[in-house]
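Student: I would like to know how the descriptive terms for a protein model are justified. Could we go through them one at a time?

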Amino acid sequence: MLKYIIVGFVCVGIVFSCKKDKSQPEMSVLNAGCDCAKEVSANFLMEEMSTGNTNFARYTDTDSIFSDKNVRFTAIEDDAEYTWYIGTEVLHTKSVTRYFDNTLVGQSLPISLVVKKKSNTICFPNDDGKDSILKYLSVAQLGTYDFLDTTFLEGTYRMKSPLLLDSVEIVIDYRDYVSGMNKRIDIYNYDGLGSNCTQRINRGGHVNYRQFWTFGETSVTQGNYLQGDMHHRLDGIVEMNFTTGGYVNGNYEQIVNHYLYRGRKL
């Protein structure tokens, strides 16, 4: 059986190639309960790790990563035989983690998986229980930044929140300051009302190619303890999930306001 799936992304290309035949016989009375059944699939996640410490890492399903990062590859299919082809390695576990250093910057690396499993021949009589898929992982440089540099997440976003009557524009800026490791992410108009959080959010180790997280590294006077994450998903949808603090009964609480946005990059 042969099936080809090709998915393209605007910033960095990723190609899926699956060997499946979509043509299946019409369901009879005997297999009418197959609505939730699926053919054997070799699809898998490629998840960039935000830090090398797995106890604190955040993971982002992606097609691109920053160099000097770990990536966790995980098959979607359970209880099957797995064969990974990553560089010169051939591996046979459901999940594999590998490190990609600076020497790979600018490359698009093929990652292949072959899955074998006893198929559901009642629901899919043409499924032979074998599938394969090829994806490409691109490696980018995490370097220095200035306002609106070419980093993927930097730029202006048109976002909508259930709390606002109209869409708003939110600007993300990665910056390096004179103090060396004091690298920051500035967020402009985070509440849709003109408030900015600048010079306070440390991008530290929790920054992936498609997602970053903040953990209350702001102050009351600069950003109102803005926390949360921003995620530019593989399907092109951008999500921002921020909280800020405020005074409650005379006491300052770190989480009072919640801003949940969905939108796109302009």
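The dialogue below takes terms used for this predicted model and sets each against its cut-off.

Student: What does the secondary structure of the protein chain come to?

Tutor: The chain has 0 helices and 17 strands. Of its 266 residues, 44% count as buried. About 13900 Å² is exposed, and carbon and sulfur atoms supply 52% of that area.

Student: What makes β2 and β7 edge strands?

Tutor: Start with the sheet they belong to. Its 4 strands follow the order β2-β1-β4-β7, the sheet is open, and the pairing is antiparallel. Strands β2 (59-61) and β7 (95-100) each pair on one side only, and that makes them the edge strands. On average, neighbouring strands in this sheet are turned by 30° against each other, direction ignored.

Student: How do you know that β1 and β4 are paired?

Tutor: Two strands pair if there are at least two bridges between them. Strand β1 (residues 44-49) and strand β4 (residues 69-75) have 5 bridges, in the antiparallel sense, so the condition is met. Phenylalanine 44 stands opposite alanine 75 of β4.

Student: Why are β3 and β6 said to stand at the edges?

Tutor: They belong to an open sheet of 5 strands in the order β3-β9-β8-β5-β6, with mixed pairing. Strands β3 (64-66) and β6 (89-91) each have a single partner strand, so one side of each has no neighbour in the sheet. The twist in this sheet averages 25° from one strand to the next.

Student: What makes β8 and β9 a pair?

Tutor: The cut-off is again at least two bridges. Between strand β8 (residues 108-116) and strand β9 (residues 130-140) there are 9 bridges, and the two run antiparallel. The pair therefore qualifies. Proline 110, for instance, has tyrosine 136 in β9 as its bridge partner.

Student: Why is the link between glutamate 47 and arginine 72 called a salt bridge?

Tutor: The term needs a side-chain nitrogen of Lys or Arg within 4 Å of a carboxyl oxygen of Asp or Glu. For glutamate 47 and arginine 72 the N to O distance is 3.0 Å, so the name applies. Glutamate 47 is in strand β1 and arginine 72 in strand β4, so the salt bridge ties together parts 25 residues apart in sequence. Their C-alpha atoms are separated by 5.0 Å.

Student: Are glutamate 47 and arginine 72 buried, or partly exposed?

Tutor: Buried means under 20% relative accessible area, exposed means over 50%, and partly exposed lies in between. Glutamate 47 has 12%, so it counts as buried. Arginine 72 has 25%, so it counts as partly exposed.

Student: Which residues is arginine 72 in contact with, leaving aside its neighbours within four places in sequence?

Tutor: They are Leu45, Met46, Glu47, Tyr59, Ser95, Val96 and Thr97.

Student: How many salt bridges does the structure hold?

Tutor: It holds 10. One of them joins arginine 98 to glutamate 89, with the closest N and O atoms 2.7 Å apart. The limit is 4 Å, so this pair passes. Arginine 98, at 25% relative accessibility, counts as partly exposed, and glutamate 89, with a relative accessible area of 30%, is partly exposed too.

Student: Which residues are linked in a network of salt bridges?

Tutor: Arg233, Asp235, Glu239 and Arg262 are linked in this way. Among these residues, glutamate 239 and arginine 233 meet at 2.9 Å, N to O. Glutamate 239 has 24% relative accessibility and so counts as partly exposed.

Student: Why is serine 161 called buried?

Tutor: Its relative accessible area is 3%. The cut-off for buried is under 20%, so serine 161 meets it. This serine lies in the loop between β10 (155-160) and β11 (168-176).

Student: What does the side chain of serine 161 reach?

Tutor: It reaches the backbone oxygen of leucine 260, at 3.5 Å. Leaving aside neighbours within four places in sequence, serine 161 is in contact with Leu260 and Tyr261.

Student: How many of the chain's contacts join residues at least 24 apart?

Tutor: Among contacts between residues at least 6 apart in sequence, the figure is 54%.

Definitions and conventions: Residues are numbered from 1 along each chain as its sequence is written. This is a predicted model: local features need pLDDT of at least 70, side-chain atom pairs count only at pLDDT 80 or more; totals for chains, interfaces and linings use all residues. Side-chain values use heavy atoms; hydrogens and water are left out. Axes are lines fitted to C-alpha atoms, for helices over the stretch in contact, and angles run from 0 to 180 degrees between N-to-C directions. Contact means heavy atoms within 4.5 Å. Buried means under 20% relative accessible area, exposed over 50%, partly exposed in between (1.4 Å probe, protein chains only). A polar contact is a pair of N or O atoms within 3.5 Å; within protein, one must be able to donate a hydrogen and the other to accept it, and residues adjacent in sequence count only if both atoms are side-chain atoms. Accessible areas come from the Shrake-Rupley method with a 1.4 Å probe; for residues, only the protein chains shown count as cover.
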